[in-house]
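Visitor: I'd like to go through this model with you, mainly how the protein meets the DNA. Could you show it first and settle the wording before we start?

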Number of protein chains: 2
Amino acid sequence: MSQHRHPGAPGRAGAVPALPDLPEATVARLPEYLRALHALADTGHETVSSEGLANAAGVNSAKLRKDLSHLGSYGTRGVGYDVTLLIDQIESVLGLTQCRSVALVGVGNLGHALAGYDGFASRGFRIAALFDADPSRVGEEINGLVVRHVDELARVAVEESISIGVIATPAPAAQAVADQLVAVGVTSILNFAPCVLSVPEGVDVRKVDLAIELQILSFHEHRKASLTALPGGLAATDTQEAIGT
Amino acid sequence: MSQHRHPGAPGRAGAVPALPDLPEATVARLPEYLRALHALADTGHETVSSEGLANAAGVNSAKLRKDLSHLGSYGTRGVGYDVTLLIDQIESVLGLTQCRSVALVGVGNLGHALAGYDGFASRGFRIAALFDADPSRVGEEINGLVVRHVDELARVAVEESISIGVIATPAPAAQAVADQLVAVGVTSILNFAPCVLSVPEGVDVRKVDLAIELQILSFHEHRKASLTALPGGLAATDTQEAIGT
DNA sequence: GCGTGTGAATTAGTTCACAGCA
DNA sequence: TGCTGTGAACTAATTCACACGC
């Protein structure tokens with residue numbers, strides 16, 4: 001879907017929607033808005049106000065409006081945003097108008113779950129291949145896909161025109177896998193292994209570390225406990241607001 | 001471990017290490033430093049320079065020094081940081097000196113993987129109870145723990161003195177689970193369900209949405225593609241640096 | 001001399017508040 | 001009148017660059 005040509009974007013108009021170089025923080029929130037918009041569309045809403053959408057997405061309305069303004073947005077003053085139009089806009093900016101193929105390396109505990117996770121397919125990502133280094137895992141079928149040996153990565157990645165690599169191996173194996181992915185031309189990696197990856201310029205790495213999230217919560221738990229226990233004055237109600245991602 | 005009393009912290013010294021109210025961005029990086037430090041300790045290093053630790057943690061050294069300075073750190077000029085001392089410091093600040101008990105609600109695809117994830121136990125978290133709403137799942141044993149019905153949450157949470165709740169249910173069930181956790185007194189929640197939770201003040205929520213990470217990568221993929229394809233001049237090598245978390 | 005710790009400068013992100021359009 | 005879009009003000013985070021102690 002979508003072939004929007006909107007005015008005001010810098011540079012000469014081309015076949016591509018002309019990406020306006022969004023702030024990173026905005027990019028990170030667009031998927032959130034998208035989810036909220038889909039929910040609104042499913043419940044029959046045709047338009048939303050910035051206030052309404054902001055609530056659904058868990059941000060404040062000023063931030064939302066500023067974010068949308070960055071993509072040269074199409075709201076109507078006094079009315080709000082057209083839900084389906086905005087969905088198309090955001091999907092177009094995020095590059096979700098084409099289905100992207102994902103290669104998942106490491107089908108251990110976590111990888112197994114990721115391979116079966118519905119949330120990917122339902123949002124435009126296709127898990128196209130599974131890999132593992134452990135021969136005893138090769139051949140196993142998960143969710144209709146056969147696990148292949150990681151040595152086949154190069155060949156399969158090309159065949160399936162892999163766009164994003166997901167690493168769910170143990171930490172010691174992660175760097176080697178990343179190197180292989182990069183060698184095959186993958187320029188976006190999602191890393192679940194608890195380690196730092198070094199990759200050449202032009203390759204984007206995002207990291208998800210489950211234990212780190214818990215440790216951050218632990219800090220806040222700890223702080224709350226020491227606030228209520230120790231010092232003069234402050235009651236339990238005085239603590240901080242819920243934090244975002 | 002650890003009962004450090006360091007000077008310079010504001011307020012009157014008490015039994016608690018006196019939390020110096022760190023910037024949120026710093027808190028989010030401390031676990032990263034901790035992991036790097038443990039790796040260094042395992043390989044026999046006794047001290048690190050800010051440069052060395054920064055490399056291991058994937059940040060630049062100025063940022064690292066500023067972060068550590070916030071916790072009134074103990075480096076030695078001309079030498080560096082004592083690895084084990086710094087580990088104790090950071091663990092103390094993050095509240096990891098006590099093992100925290102985690103309740104996991106929702107043992108579907110993802111929950112199952114989380115229940116078996118080693119990374120939690122190895123970093124001071126104990127999964128103390130598993131819950132699900134589906135009766136056919138209740139009674140199942142995962143990793144030595146029996147899945148209980150979510151109705152038992154209140155009783156078990158108290159028994160096990162749950163400190164953090166992890167929600168791995170489908171999105172429609174998440175809010176109700178969060179409400180139950182809050183009702184039981186849980187003030188830290190890690191949410192894997194793709195939805196916004198509303199919780200009272202004083203409760204911290206962190207969210208992990210796997211599909212969102214992919215969508216962010218998709219954006220960068222899309223941008224890189226449109227840069228190399230379209231406009232005059234810029235070659236493929238000119239694209240952006242790898243991004244952090 | 002080396003490397004930490006930190007003020008000062010810069011940049012990024014958020015919030016405010018209101019002009020302007022439907 | 002209601003709500004978007006946005007400059008301007010503010011806050012948070014990062015980076016610079018160097019004084020100071022070992």
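Guide: A residue counts as near a molecule or strand if one of its heavy atoms lies within 4 Å of it. As for conventions, residues are numbered from 1 along each chain as its sequence is written, while chains are lettered from A and ligands numbered from 1 in the order in which they are written. This is a predicted model, in which local features need pLDDT of at least 70, side-chain atom pairs count only at pLDDT 80 or more and totals for chains, interfaces and linings use all residues, and side-chain values use heavy atoms, with hydrogens and water left out.

Visitor: Okay, how many residues surround DNA strand D, and which are the closest?

Guide: DNA strand D is surrounded by 25 residues, and the closest are Ser50(A), Arg65(A), Tyr81(A), Asn60(B) and Arg77(B). Of the atoms of DNA strand D that come within 4 Å of the protein, 60% belong to sugar and phosphate.

Visitor: Which atom of DNA strand D is 2.7 Å from the side chain of Tyr81(A)?

Guide: That atom is a phosphate oxygen of DNA strand D, 2.7 Å from an N or O atom in the Tyr81(A) side chain, which falls under the polar contact cut-off (a pair of N or O atoms within 3.5 Å; within protein, one must be able to donate a hydrogen and the other to accept it, and residues adjacent in sequence count only if both atoms are side-chain atoms). Gly78(A) uses a backbone N or O atom, which lies 3.0 Å from a sugar or linking oxygen of DNA strand D, whereas Lys66(B) has a side-chain N or O atom 3.3 Å from a base oxygen of that strand.

Visitor: And which elements give two or more residues to that surface?

Guide: Chain A gives α3, β2 (75-76) and β3 (80-82), and chain B gives α1 (24-42) and α3; helices (H or I, at least four residues) and strands (E, at least two) are DSSP runs, numbered from the N terminus. By class, the surface near DNA strand D divides into five nonpolar, eleven polar and nine charged residues, where Ala, Val, Leu, Ile, Met, Phe, Trp, Tyr, Cys and Pro count as nonpolar, Asp, Glu, Lys and Arg as charged, and the others, Gly among them, as polar.

Visitor: Now the other strand: which residues come nearest to DNA strand C?

Guide: Of the 23 residues around DNA strand C, the nearest are Asn60(A), Ser50(B), Arg65(B), Gly75(B) and Tyr81(B). Sugar and phosphate make up 63% of the atoms of DNA strand C that come within 4 Å of the protein. A polar side-chain atom of Asn60(A) lies 2.6 Å from a phosphate oxygen of DNA strand C, while on the base side Arg65(B) places a polar side-chain atom 2.8 Å from a nitrogen and Arg77(B) places one 3.3 Å from an oxygen. The surface near DNA strand C has five nonpolar, ten polar and eight charged residues.

Visitor: What rotation superposes chain B on chain A?

Guide: A rotation of 180 degrees with 0.0 Å of shift along its axis does so, with an RMSD of 0.0 Å, the fit being by least squares on the C-alpha atoms of residues with pLDDT of at least 70 in both copies. The two copies are therefore related as by a two-fold rotation axis. Within chain B, Ala113(B) comes closest to that axis, at 2.9 Å (C-alpha).

Visitor: Last topic, sheets: in what order do the seven strands of chain B run?

Guide: They form an open sheet in the order β6-β7-β5-β4-β8-β9-β10, with mixed pairing, two strands being paired if DSSP finds at least two bridges between them. The edge strands, each pairing on one side only, are β6 (141-142) and β10 (204-207) of chain B. Strands β4 (residues 100-105) and β5 (residues 125-132) of chain B run parallel and are joined by six bridges, and Ala103(B) has Ala129(B) as its bridge partner in β5(B).
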